[in-house]
Amino acid sequence: MKILVAVKRVIDYNVQIRVKEDGSGVVTDNVKMSTNPPDDNAIEEAVKIKESGKATEIIAVTVGEEKAQETVRKALAVGADRGIHVKVDGTIEPLAVSKILKKIVEKENPDLVFMGKQAIDDDCNQTGQMLAAHLNWPQATFASKIEVNDKSLQVTREVDEGLETIEVNTPAIVTCDLRLNEPRYASLPNIMKAKKKPIEQINASDLGVDTNPRIEHIKIEEPPKRKAGIKVASVEELVQKLKNEAKVI
Amino acid sequence: MSVLLIAEHNNKEVKPFTLNAITAASQIDQDLHVLLIGSKADDVAKSLSEVPLVKKVLHIDHEIYENYIAENYTAAILKHADKYSHIICSANTFGKNLMPRVAALLDISQVSDIIKVISPDTFLRPIYAGNAFATVKSNDEKKCVTIRPTSFEAAETTGGSAEIEKIDAADQTENTKFINREEIKSDRPELGTARIVISGGRGLQSGENFKLITDVADKLNAAIGASRAAVDAGYITNEHQVGQTGKVVVPDLYIAVGISGAIQHLAGMKESKVIVAINKDGEAPIFSVADYGLEADLFEALPQFLEELNKLNTIQK
C-alpha cells in the first residue's frame, strides 16, 4: 500500500500575526514558517501505518514556492520515503491545489491520501474534500482515529455532536485532526539521512492546471480590538460587576 | 437567480445553525430556497417552510439519506444546483465536510466561513485564526459560500408558509458507509448557541475537577467549553472544544477558567460580548481579551464563585 501525504508551509502557529499597513496581506518577511500542524499528524499517521507493516511507501508532496520544500524535507526526516515539490509562486487557492494533487495522484497511484483537515493560515478547510471530489474517491474528514483494513478504512471523525465512525473503501482521502496522534520529532541522524532522500521538482505550469486565483483579496485588515478590561480583586467583586455593570447574570 | 441553502437536520429537527445560515443567505438574495435532503423528514420540511425568510423548500426524501454522508448529499445537490447563483451552508463540521466537495465538482473556488455579507459577491472572512479579516470578492460565476453561524442572528421560525416541492434523489455511493455516531446527550444548552459558556483548560488538572466547572454551569444554565489542551489531556470530550479547530462561540458571557489563552483558543471565543478570565498566572494572554480578569487559584475561586452566585436573588437564564 502506498500513501501520499500532502503538506503545506505556513506561518508558525506560535507567531503573532501582523497585518501589513497597506492592507495587502500579513507580514511574512523574517517570520518563522513551519509545517501546517495537522499535516504533521497526517505524516505521523502514515509513518505509523508503514511501521505496522501495512504500507510500503510514503510520498510527501507540497505545492508552493521554492522554500515550501522545507516541509517535504521535514516529512522525509520523520519517515516519508521520497518527496514531490510542485513549484508555484504567488497565492494558490485550495481549488487549484486540489487539481494539482489530482495530477500527482494519477501519476503515483496511491491507495490513500492524507493531509491536515485545515491550514492554519487561510483556514479554508477545503483541499482534501476537493481532491476527493475530483477523484470521485470517498472522503473521511476530521479524523481522530484510523483503522486500516484490507480494502477499507474505519475512521472516527470529530463532528459537532461528538464522534462519528464511517467506513470508506480504498482508495480514499483522509483529512486529519490534531488529536489523531502525537507527531514525533525528527532525530538528528534522521534529519541527516533525509537530506539524501529524493525530492522531485515539478513546475505547476507543466501539469496543465489553471492556478489563477478566482477570489480577489480586496483588503486584509486587523480585526477590531477589544477595549481593555480590568482586573478584579475578589470573586465577590467579579460577581457584582457581572450582575450590576455588565448585567449578564 | 436564487440562492440555495443546504439544511442540516437529524430527520426530526432543523439544526439551529441552519437558521443562522438562512439569515446570511437572505442577505445575499431574498429569493432563498432551502434544500432538505433526508429520510422521512416531513416534519423538518414543514418547519423550514414556516421560516418567513424561506421562499421555497425543496425536499428530497429517500432512505439513502437517513445518515448524512457528504458523497450522497453532494450528488443530490449537484442534480439541482443549476438554477442557483449561490450554494450556501453553515461552516460547522456539517458544511465544512460537504461544501468543498460540491464546489470542486462545479469548478468553483469556495469562500469559507464568512462573517459578513458585503454584497452578493463580496464577503468578510477571518483568516489566521481571526487575527486578520479579509474582504474577498469571488469572481466565479456561481458561488459556494459557508457561513460562520455565530456571526448572524438566527432566523425567525414562525409565520412563513413556503411551498414544499418534492424532488428526486440522486445515486448512492457504495464507497462510504455510516457506522455510528456517539452523540453525548446533555440537558445543558448547546455550546454554539448558549447565552453563557464556562470553559476549562489545563489548569483544571483532571477530568474529575471539571465538576467545579459543571457546578457553576448548572447554576448559570451555561454550556461547557474547553481548551484543546483539556480535550487532548482527556479531561473532557471533543465536542466541547472551543477554538480555531474546534467551535466558535459568541455568548453574552464567556468565562475562561484555567485557560492560558493561546491564539488558537482566542480564535474561538474573543468575539464574546463579555469575557471573564480566572487564572493564577497574571501574565496569561487570556487577560488581554478579558473584560474582567481575576488572578486567583481556580480551586479556591470556583467554589467561592458558586457561593456568591447562590447569594444572588435572581439569575438571568
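# Exercises on a predicted two-chain model

In strand β16 of chain B, Gly293(B) is the bridge partner of Lys231(A). This is a predicted model, in which local features need pLDDT of at least 70, side-chain atom pairs count only at pLDDT 80 or more, and totals for chains, interfaces and linings use all residues. Residues are numbered from 1 along each chain as its sequence is written, and chains are lettered from A and ligands numbered from 1 in the order in which they are written.

**Exercise 1.** Find which strands of chain A and chain B are joined by bridges, and state how they run.

*Solution.* Strands (E, at least two residues) and helices (H or I, at least four) are DSSP runs, numbered from the N terminus. Two strands pair if DSSP finds at least two bridges between them. Three bridges join β13 (residues 230-232) of chain A to β16 (residues 292-295) of chain B. The two strands run parallel.

**Exercise 2.** State how many residues each chain gives to the contact, and sort the chain B side by class.

*Solution.* Two residues are in contact if their C-beta atoms, placed from the backbone, lie within 7 Å. Chain B gives 72 residues and chain A gives 63 residues. On the side of chain B that touches chain A, 30 residues are nonpolar, 24 polar and 18 charged. Here Ala, Val, Leu, Ile, Met, Phe, Trp, Tyr, Cys and Pro count as nonpolar, Asp, Glu, Lys and Arg as charged, and the others, Gly among them, as polar.

**Exercise 3.** Place Asp291(B) in chain B, decide whether Asp291(B) is buried or exposed, and list what Asp291(B) touches.

*Solution.* Asp291(B) sits in the loop between β15 (274-279) and β16 of chain B. A residue is buried if 20 or more other C-beta atoms lie within 10 Å of its own, exposed if 12 or fewer, and partly exposed in between, with C-beta atoms placed from the backbone. Asp291(B) has 23 other C-beta atoms within 10 Å, so Asp291(B) is buried. Not counting residues up to four places away in sequence, Asp291(B) touches Gly229(A), Ala246(A), Val274(B) and Ile275(B). The C-alpha atoms of Asp291(B) and Ile275(B) are separated by 5.3 Å, though the two residues are 16 apart along the chain.

**Exercise 4.** Work out how far helix α3 of chain B is enclosed, then do the same for Tyr68(B).

*Solution.* Helix α3 of chain B covers residues 70-80. Eight of its 11 residues are buried, so the helix is largely enclosed by the rest of the structure. Among the buried ones are Ala70(B), Tyr73(B) and Ile77(B). Tyr68(B) lies in the loop between β3 (56-61) and α3. Tyr68(B) is buried, because 20 other C-beta atoms lie within 10 Å. Not counting residues up to four places away in sequence, Tyr68(B) touches Tyr73(B) and Phe94(B). The C-alpha atoms of Tyr68(B) and Phe94(B), 26 residues apart along the chain, are separated by 8.6 Å.

**Exercise 5.** Describe the backbone at Pro171(A), Asn125(A) and Asn11(B).

*Solution.* Most residues other than glycine have a negative phi, and most peptide bonds are trans. A cis peptide bond, with omega about 0°, joins Thr170(A) and Pro171(A). Pro171(A) is in the loop between β9 (162-169) and β10 (172-176) of chain A. Asn125(A) has a positive phi, near 60°, and is buried, with 27 other C-beta atoms within 10 Å. Asn11(B) has a positive phi of about 70° and is partly exposed, with 17 other C-beta atoms within 10 Å.
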